[in-house]
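Here is a short walk through a structure. Keep the view open while reading.

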Amino acid sequence: MFETPDDRKYQESHEYATTDGEPVTVGISDFAQDELGDIVFVELPEAGDEMSQGEEFGVIESIKAVSDLYVPVSGVVSAVNDALFDQPELVNESPYDEGWMLKLEDVDDAELAELLTADEYSEQTE
Amino acid sequence: MALRKPPLYDLHADRATFTDFGGWEMPVEFDSIRTEHEAVRESAGIFDVSHMGEVVVSGPDATELMQRLVTADIAALDPGDAQYAAITDEAGIVLDDTIVYRLPALEAPRYLFVPNAGHDEATFDRWVDHRDEWGLDAEVENETDLWAMVAVQGPDALAAVDNATTVDTAAPARNEIVASEVDGVESWVARTGYTGEDGVEILCATDDAETVWTAFEGCDPCGLGSRDTLRTEMGFLLSGQDFDPDEEPRTPYEAGIGWAVDLDTEFVGRGALAEAAETGPEDAFVGIELRERGIARHGHDITVDGDVVGHVTSGTMSPTLGEPIALGYVPVSLSEPGTDIEVVVRGTGKRAEVVSTPFIRHK
């Protein structure tokens, strides 16, 4: 079974956003990393970029597939996880911790509140 | 249209993920592409390749029919020989590539050849139509649904085969096929493959597939995902992707398999290819390594100074090298290893270089 921690919220396209205050950490779910398989490349925006909910913020490639990444909540990028450029496999190994992708500030709290809860997201991936 | 399922489908069902390939629902991944790839490079892996076609040709004119429909010299084959060849149209365009086996220990020539997945029916029709047109006395059978095919590949593959065979036959020499028994099951065992490693491809009756598969318990089960990364590292062509009569029409010379064309034989496409050999191809199929972060994929443009000069037909991350690798077509003038090119990945040109294939140095 896949881990779906409840200290964050999820969107249908499998990105998560943490809910314990700013900065909000964004990444992809355990289910998503497993679906993708061996991740070999991640493209991320730059710190300072303003992103709107639903906007493409990057690309993730496994050996077999290329997928777009979508911003779960509007905000300003305060940091990106540079470690993924050399070690994209961290997304497979630790999607909720070392495999994080973005930190967002000035986040739209109303959007965050409307994302799927861990339970709702788990139902979707069953 | 319903997907065709390999005879081992139920056995794989709970431990593999599947993909549609050539109209077949095939295992793409068991453990992970990376671990399966490593198993084949370092020990041994086993693939279900029952989606490959099997067409059998026999009768007094079997040799002539085969000779006139593929590019290699079929008349030169001895019983038990395997030969890679292209199937070309009148214009010399590659329709498919195939391995032709002249089955051993039979006085009258009998050939089994292996068209790619989903091509068996069209290939069978092509053989029958030409046989009738030329008035040849040969029997052609599409036996794709009668045969299962598994590939056992890797440095430890031959030891595994030796272990699994229950008759005292020597392993076939490279590019040869022998009759054998795998765990009591009558099989054809051929020393061929698509990974660049030593190993065999085994043909058995579909009902016996499970016995043969489970006779190789020590080998890692591998899916089409790692089969693709393994063949890409070797620079081997994928039919329907690196060449395709509609989407990517190429002569064998452009596709880098001119060595499988014997212009001293008579075959469909020979005239056009004799001319092409004279003038030389415009494009060449080359290896490409990116010198910037990014992965070249099928369909990406290749540019020089901003001008599109070619395109990528296959690309992936090489599990062995840990570097992105690709295959594609460029003009012959840009095909020398060391030539600087760019690959356009999502609108951005990435520095890249033409390299020789195989990408990995081999023992």
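Helices here are DSSP runs of H or I with at least four residues, and strands are E runs with at least two. The model is predicted.

Start with chain A. UniProt, in an unreviewed entry, places the feature "domain: Lipoyl-binding" at residues 23–105. Helix makes up 18% of that span and strand 41%. Now look at the ends of residues 23–105 of chain A. Their C-alpha atoms lie 5 Å apart.

Next, turn to charge on chain A. A negative surface patch includes A:Glu22, A:Glu46, A:Asp49 and A:Glu50. A:Glu55, A:Glu56 and A:Asp68 also belong to this patch. So do A:Glu105, A:Asp106, A:Asp108, A:Asp109 and A:Glu114.

Take one member of the patch, A:Glu50. This residue sits in strand 5 of chain A, residues 50–51. Is A:Glu50 buried or exposed? A:Glu50 counts as exposed because its relative accessibility is 66%, and the cut-off for exposed is over 50%.

Move to chain B. Here the unreviewed UniProt entry gives the feature "domain: GCVT N-terminal" at residues 12–264. The span is 23% helix and 28% strand. How far apart are the end C-alpha atoms of residues 12–264 of chain B? They lie 46 Å apart.

Within chain B, find B:Thr17. It belongs to strand 1, residues 17–21. B:Thr17 has a relative accessible area of 42%, so it is partly exposed. Finally, pair B:Thr17 with B:Cys219. In sequence, 202 residues separate the two. In space, B:Thr17 and B:Cys219 are 18 Å apart, C-alpha to C-alpha.

Note on methods
Residues numbered from 1 in each chain as written. Chains lettered and ligands numbered in written order. Predicted model: local features only at pLDDT ≥ 70, side-chain atom pairs only at ≥ 80, totals over all residues. Heavy atoms only, no water. Patch = residues over 30% accessible without salt bridge, like charges linked within 9 Å, V, L, I, M, F, W, Y side chains within 5 Å. Areas by Shrake-Rupley, 256 points an atom, 1.4 Å probe, with all protein chains shown as cover. Salt bridge = Lys/Arg side-chain N within 4 Å of Asp/Glu carboxyl O. Lys, Arg positive; Asp, Glu negative; His and termini not counted. Charge placed at Lys NZ, Arg CZ, Asp CG, Glu CD. Buried < 20%, exposed > 50% of the residue type's maximum accessible area, 1.4 Å probe, protein only. UniProt positions renumbered as here; feature names shortened; annotations may be inferred.
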